[in-house]
Amino acid sequence: MIRKLKTLVLVAIFAIIGMYQSNAQTDFSIHVGYTYPQGNFGKSNMNKNKVAWNGDTDWAGAGSGLNAGVKFRFNVPSVKGLGIIATADFFYNGPNDDVKYWKEDQIADLEETYWVDEYELEIPKYFNIPIMLGANYQYEIGDKLKLWGEFAIGINFGEITNMSLSATGSMPIYDDYTGAYYGEIDCEYTGEAEFMSSGNSSFAYQLGAGVMLSDKISLGLHYYVLGKQRVQGYLHSYQELDGRHIDESLYEETSSSEEIRGESINPTMLTFRLGFHF
């Protein structure tokens, strides 16, 4: 079904672009907006490790974010005010405050770890690109002022960025019996949760309403439901202890990799948007 929907959306978008180039009565606009995650997409409880990329839950821990996109609108001559629309959008959502505080706690722990000199911690972020087709209706209520509403369906392509932790430093070595200081062992640790975006396309839809000013500027409120995205991938870890400058036997290297199969998240958001029409 998703493959057929992809094909339908792409064919229809190319058809509408063709109408635009053929000088049919069309409206092209670009827009920017601010997004607020809704439902479980914005929830987390880091005290209990309750977030999709760190536990068995569909709570995504997403924070408010940004949106930008384009829209083609083709007027339907037989129905005044009605138009067919094709849209392409980009959404970015970073972590919510709960996840940010958790990151600060992890950094504080790293800074108190005696062997750590340098570190880097990255936490997941969310990207979504929905491509949609739908209908838009405009109703003129005054001079150069219109109300509008729209509905669209399509396909969303989602991605979760990787989570990673790297730390380097040195660890002092002492004789177990005499307490004599031998030197320091170089330490390195790397851990990464590599999330796979392949296959993370899903059915999506949006509802929107707002006002149009002088056919040039629009203000709108949109509700997006971007379908399910699987949290899956691999967890890699690597650790190296190197003290061969003290003794050739003081060397240890370990690595591991395991599969991640979490629950699906459901990106849902409310977007306030400003559009510029050409």
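Is Tyr 92 buried, exposed or partly exposed? Tyr 92 has a relative accessibility of 27%, so this residue counts as partly exposed. The model on screen is predicted, and the tour below returns to Tyr 92 at its second stop.

**Stop 1: Phe 41 and Tyr 126**

There are ten aromatic pairs in the model. One of them joins Phe 41 and Tyr 126. Select both rings: the centres are 5.4 Å apart and the planes meet at 65 degrees, an edge-to-face arrangement. Phe 41 sits in the loop that runs between strand 1 (26–37) and strand 2 (62–75), while Tyr 126 belongs to strand 5 (residues 126–142). These positions are 85 residues apart in sequence, so the contact ties together separate parts of the chain. Phe 41 is buried, at 1% relative accessibility. Tyr 126 is buried as well, at 2%.

**Stop 2: Tyr 92 and Phe 127**

Next, select Tyr 92 and Phe 127. Their ring centres are 5.4 Å apart with 45 degrees between the planes, so this pair is tilted. Tyr 92 is in strand 3 (residues 82–95) and Phe 127 is in strand 5, and the pair links parts of the chain 35 residues apart. Phe 127 has 25% relative accessibility and therefore counts as partly exposed; the cut-off for buried is under 20%.

**Stop 3: a ring cluster**

Select Phe 28, Phe 72 and Phe 278 together. Ring pairs connect these three residues into a cluster. Keep Phe 278 selected, since the last stop uses this residue again.

**Stop 4: charges over rings**

Two places to look for a charged side chain over an aromatic face follow. Show Lys 50 with Trp 59: the lysine lies over the face of the ring, 3.9 Å from the ring centre. Then show Arg 244 with Tyr 251, where the arginine lies over the ring face at 4.1 Å from the centre.

**Stop 5: a nonpolar surface patch**

Finally, switch to a surface view and select Ile 30, Val 32, Leu 213, Ile 217, Leu 219, Phe 276 and Phe 278. These residues form a nonpolar patch on the surface, and together they have about 580 Å² of accessible area. Which elements give two or more residues to the nonpolar patch? They are strand 1 and strand 10 (217–225). Leu 219 is a convenient residue to centre on: this leucine lies in strand 10 and is partly exposed, at 42% relative accessibility. Phe 278 belongs both to this patch and to the ring cluster of the third stop.

Notes. Residues numbered from 1 in each chain as written. Predicted model: local features only at pLDDT ≥ 70, side-chain atom pairs only at ≥ 80, totals over all residues. Heavy atoms only, no water. Phe/Tyr/Trp six-rings, centres within 6.5 Å; stacked < 30°, edge-to-face > 60°. Helix = DSSP H or I, 4+ residues; strand = E, 2+ residues; numbered from the N terminus. Buried < 20%, exposed > 50% of the residue type's maximum accessible area, 1.4 Å probe, protein only. Lys NZ or Arg CZ within 6 Å of the ring centre and 35° of its normal. Patch = residues over 30% accessible without salt bridge, like charges linked within 9 Å, V, L, I, M, F, W, Y side chains within 5 Å. Areas by Shrake-Rupley, 256 points an atom, 1.4 Å probe, with all protein chains shown as cover. Salt bridge = Lys/Arg side-chain N within 4 Å of Asp/Glu carboxyl O.
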